[in-house]
Amino acid sequence: MKKILCITMMLAAVAASAYDDGDSQIWFKTAISGNLTSNVTVKAENEFRYGDDASEFYEDVLLLGADYTVNNWFKAGLAFQEVSSRKNTPRFEEKTVEGEATYSEKNDYYWTTEERPTLDLVFSKKLKGWGLEDRVRTEYRMKEKEDEYFRYRNRIKAKTPWKWTSLAINPYVAWEANYSDKDVDADWDRHRYYAGAGFKVYKAIKADVYYCLQQDLKAGDWTDLNLYGIGLSAAF
């Protein structure tokens with residue numbers, strides 16, 4: 001009986017740990033950065049993610065880091081991320097009554113923490129007014145009660161030469177591919193396709209709005225998420 005209950009709980013965890021295929025989400029990011037020296041920039045970012053058709057807060061991503069600009073086409077960055085994630089999985093409490101174990105649901109979700117050091121290598125170039133950027137990111141993912149592994153992320157971004165209105169609205173597109181180097185099922189398991197625009201809000205304050213189609217490989221099948229992002233950043 002105990003084995004059957006454990007298996008049932010594991011299956012429930014898998015089923016409840018992710019949102020439905022086609023889910024719409026809202027991600028809101030705030031960021032601040034400043035020059036420490038002429039070549040070194042320090043930064044802090046915090047992103048809040050809402051899933052289940054944007055009705056449920058499920059993830060908080062905090063990043064602290066620094067970038068070193070080598071020249072006008074290359075910079076490197078080191079950062080540390082702490083990710084708090086909500087898992088919509090029932091937690092059960094075991095009790096013994098008259099020598100027999102019984103289980104009752106303690107709560108229907110819990111939070112986990114992931115620590116994630118990152119290394120960025122960013123290559124950029126201007127070509128006939130277009131801003132081209134290739135960011136290669138390496139992350140070391142340290143999740144609670146899971147095996148640690150590296151994830152490699154390559155994002156290619158193209159900013160248009162257009163800047164519309166007094167807000168200097170600048171459209172862009174981007175594509176990102178992720179490779180998770182797990183001991184089991186290592187694969188290119190995520191793609192993101194972006195279309196968005198950045199614009200000025202006030203002096204050193206900028207904003208960014210975008211739509212992103214995220215495709216994830218899970219158990220041999222691809223699932224989609226529709227992400228709507230809003231960002232505010234201040235540079236000093």
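In the predicted model, L78 is located in strand 4, which spans residues 74-87. The relative accessible area of L78 is 58%, and because exposed residues are those over 50%, L78 is classed as exposed. L78 also belongs to a nonpolar patch on the surface, formed together with W73, L119, L121, F123 and V136. The accessible area of these residues together is about 510 Å². Strand 7 (residues 110-127) supplies the largest share of the nonpolar patch, namely 3 residues.

Charged side chains were examined next. A search of the whole structure yields 16 salt bridges. One of these joins E45 and K29, with a distance of 3.7 Å from N to O. The two partners come from distant parts of the chain: E45 belongs to strand 2 (residues 40-51), K29 belongs to strand 1 (residues 23-35), and the two are 16 residues apart. Both ends of this salt bridge have some accessible area. E45 has a relative accessibility of 22% and is therefore partly exposed, and K29, at 31%, likewise counts as partly exposed.

A salt bridge is also present between the side chains of R155 and E133, with an N to O distance of 2.8 Å. This pair again links distant parts of the chain, as R155 is in strand 9 (residues 149-159) and E133 is in strand 8 (residues 130-143), 22 residues apart. The two partners fall on opposite sides of the 20% cut-off under which a residue counts as buried. R155 is buried, with a relative accessibility of 18%, whereas E133 is partly exposed, with a relative accessible area of 25%.

Strands 8 and 9 also contain the partners of a further salt bridge, E139 and R153. The closest N and O atoms of this pair are 2.8 Å apart. Because E139 lies in strand 8 and R153 in strand 9, the salt bridge ties together parts that are 14 residues apart in sequence. Both side chains belong to buried residues: the relative accessibility is 0% for E139 and 9% for R153. E139 and R153 are moreover members of one network, in which salt bridges that share partners also join E114, R116, R135, R141, R151, E176 and R192.

Conventions. Residues numbered from 1 in each chain as written. Predicted model: local features only at pLDDT ≥ 70, side-chain atom pairs only at ≥ 80, totals over all residues. Heavy atoms only, no water. Salt bridge = Lys/Arg side-chain N within 4 Å of Asp/Glu carboxyl O. Helix = DSSP H or I, 4+ residues; strand = E, 2+ residues; numbered from the N terminus. Buried < 20%, exposed > 50% of the residue type's maximum accessible area, 1.4 Å probe, protein only. Patch = residues over 30% accessible without salt bridge, like charges linked within 9 Å, V, L, I, M, F, W, Y side chains within 5 Å. Areas by Shrake-Rupley, 256 points an atom, 1.4 Å probe, with all protein chains shown as cover.
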